[in-house]
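Reader: I am a first-year student, and I should be grateful for a close look at a single part of this structure. Please take one helix and explain where it sits and what surrounds it.

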Amino acid sequence: MTELTRKRPEFRNINAFKDLTTYRLPPAGWVSILHRASGGLMFVLLPLIVWLFDTSVSSELSFERFTAAFAVGLGFVPGWFFKLVVLSIIWAYLHHLIAGVRHLYMDATHAVTKGFGKSSAIVTLVLSIGLTVVLGAKLFGLY
């Protein structure tokens, strides 16, 4: 039997309704999707980031308002909600930064092997989540 007459593997696109529940995305795929999501999250929350920065550095009175927003809330929004939103900004920034450095390194060194992609994706996920946990503990006053 020749090479051409053997049954070749079938490659097809996944069906969003049937295959998505069983499809296993590799770590590099997760990092890629989360890189896009973190960039979008930072873009959407940019007005809040600008307000937080402006309120924290304008004056002593505005800084008191800034700290009160985290302690007791602002208007009808409780303080813990502000902390969760800021925690999501922290994760988005850290993940986007680390994944961006990963992509730049892969572009600069042409390190596009499957093994390096998987290991660097796992390092990216662990670093971004680990640093977010550490900074989140500081944000919520655990140390």
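Author: What follows examines the helix α3, then the core and the rings around it, and lastly some residues elsewhere in the chain. Please keep in mind that this is a predicted model.

The helix α3 runs over residues 60-71. A simple check concerns its length. At 1.5 Å a residue, the 12 residues of α3 should span 16 Å, and the C-alpha atoms at its ends are 16 Å apart, which agrees. After α3 comes G73, whose phi is positive, near 105 degrees.

Which residues of α3 are buried? They are S62, F66, A69 and F70. When one looks down the axis of α3, these buried residues fall within an arc of 95 degrees, so they line one face of the helix. The face turned away from that buried side carries the exposed residues E60, L61 and A71. As for what covers the buried residues of α3, the list includes α2 (46-57), α4 and α5 (114-139).

The buried side of α3 leads to the largest nonpolar core. This core has eight residues, namely L52, F66, A69, F70, F82, V86, I90 and L94. Two elements, α3 and α4 (79-109), each give two or more residues to it. The greatest contribution comes from α4, with four residues.

Within this core, F70 deserves particular attention. Its relative accessible area is 14%, and buried means under 20%, so F70 counts as buried. If residues up to four places away in sequence are not counted, F70 touches L52, G79, F82, K83, V86 and L139. One of these contacts, F82, is likewise buried, with a relative accessible area of 12%.

The two residues also bring us to the aromatic rings. A pair of aromatic rings is described by the distance of the centres and the angle of the planes. The count of aromatic pairs comes to six. In the pair formed by F70 and F82, the ring centres are 6.3 Å apart and the planes stand at 55 degrees, so the pair is tilted. Because F70 lies in helix α3 and F82 in helix α4, this pair ties together parts that are 12 residues apart in sequence. Ring pairs also link W51, F63, F66, F70 and F82 into a cluster.

For context, it is useful to turn to another helix. The helix α1 covers residues 27-44. The check on length can be repeated here: at 1.5 Å a residue, the 18 residues of α1 should span 26 Å, and its end C-alpha atoms are 25 Å apart, which agrees. The buried residues of α1 are G29, V31, H35, S38 and M42. They pack against α2, α4 and α5.

Two residues of α1 may be considered in turn. H35 is buried, with a relative accessible area of 17%. Not counting residues up to four places away in sequence, H35 touches H95, H96, A99, G100 and H103. L34, also placed in helix α1, is partly exposed, with a relative accessible area of 25%. Leaving aside neighbours within four places in sequence, L34 is in contact with W91, H95 and L125. The C-alpha atoms of L34 and A92 are 8.6 Å apart in space, although these residues are 58 residues apart in sequence.

Next comes S128, which lies in helix α5. S128 is buried, with a relative accessible area of 0%. Its side chain is joined to that of H95 by a polar contact of 3.4 Å. In addition, a polar atom of the S128 side chain lies 3.2 Å from the backbone oxygen of L125. Beyond neighbours within four places in sequence, S128 is in contact with W91, L94, H95 and I98. Among these, L94 belongs to the largest nonpolar core described above.

Finally, a residue outside the helices named so far may serve as a contrast. R24 is found in the segment before α1. Is R24 buried or exposed? R24 is exposed, with a relative accessible area of 76%. R24 and T67 are 43 residues apart along the chain, and their C-alpha atoms are separated by 43 Å.

To return to the request, the buried residues of α3 line one face of the helix, and α3 gives two or more residues to the largest nonpolar core.

Terms used:
Residues are numbered from 1 along each chain as its sequence is written. This is a predicted model: local features need pLDDT of at least 70, side-chain atom pairs count only at pLDDT 80 or more; totals for chains, interfaces and linings use all residues. Side-chain values use heavy atoms; hydrogens and water are left out. A nonpolar core is a set of buried Ala, Val, Leu, Ile, Met, Phe, Trp, Tyr and Cys residues joined through side-chain atoms within 4.5 Å. Buried means under 20% relative accessible area, exposed over 50%, partly exposed in between (1.4 Å probe, protein chains only). Contact means heavy atoms within 4.5 Å. Rings of Phe, Tyr and Trp (its six-membered ring) pair if their centres lie within 6.5 Å; planes under 30 degrees apart count as stacked, over 60 as edge-to-face and the rest as tilted. The expected span of a helix is 1.5 Å times one less than its number of residues. The arc is that of the directions from the helix axis to the C-beta atoms. A polar contact is a pair of N or O atoms within 3.5 Å; within protein, one must be able to donate a hydrogen and the other to accept it, and residues adjacent in sequence count only if both atoms are side-chain atoms.
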